Amino acid sequence: MAKTSVFILFLFFLVATQANALGGNGMVGGRTEVKDVKNNKEVQDLGRYCVEQYNSKQKHSSANGSKLLSFSQVVKAEKQVVSGIKYYLKISAATSGVGVPKIFDAVVVVKPWVHSKELIKFAPSTPTPTK
């Protein structure tokens with residue numbers, strides 16, 4: 001039993017140090033910035049998916065007076081390894097017919113091994129306070 005505990009502890013240490021060596025921010029499970037977001041097809045496709053899911057919910061909610069959105073681009077992205085990959089996206093999208101883009105915050109979890117994506121959050125972005 002003690003050998004198993006030591007082995008598991010060793011594996012955890014090995015994974016933690018390798019994550020840091022491979023460009024992590026030093027914290028296993030922490031968020032990392034996605035570089036070159038505008039040219040990252042996977043991230044842009046995820047942003048488009050988030051807007052499509054939002055629009056689908058709006059169509060099915062007849063009492064809600066919200067208008068549908070038109071995807072423009074993902075302007076910023078971070079990812080976090082959880083039970084899958086959780087993406088934190090800042091999406092530029094315009095209300096259909098108006099053409100003035102606004103920024104929206106979206107959180108989507110991707111589990112590639114089961115070919116699934118789930119939109120967790122989609123809401124207008126709020127400005128972050130500056131220090």
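Which strands does H2 lie across, and at about what angle does H2 run to S2? This is a predicted model, in which local features need pLDDT of at least 70, side-chain atom pairs count only at pLDDT 80 or more, and totals for chains, interfaces and linings use all residues. Residues are numbered from 1 along each chain as its sequence is written, and side-chain values use heavy atoms, with hydrogens and water left out.

Select the sheet to begin. Its 5 strands form an open, antiparallel arrangement in the order S1-S2-S3-S4-S5 (strands are DSSP runs of E, at least two residues, and helices runs of H or I, at least four, numbered from the N terminus; two strands pair if DSSP finds at least two bridges between them). At the edges are S1 (32-33) and S5, each pairing on one side only. Now select S3 and S4, which pair over 10 bridges; Lys90 stands opposite Asp105 in S4.

Add H2. The helix lies across S2, S3, S4 and S5, at about 115° to S2 (axes are lines fitted to C-alpha atoms, for helices over the stretch in contact, with angles from 0 to 180 degrees between N-to-C directions; contact means heavy atoms within 4.5 Å).

Next, select Ile91. Leaving aside neighbours within four places in sequence, its contacts include Gly47, Cys50, Val51, Phe104 and Phe122.

Finish at Gln80, in strand S2. Gln80 counts as buried because its relative accessibility is 17% (buried means under 20% relative accessible area, exposed over 50%, partly exposed in between, with a 1.4 Å probe and protein chains only). Not counting residues up to four places away in sequence, Gln80 touches Gly29, Gly30, Arg31, Ile85, Lys86 and Tyr88.
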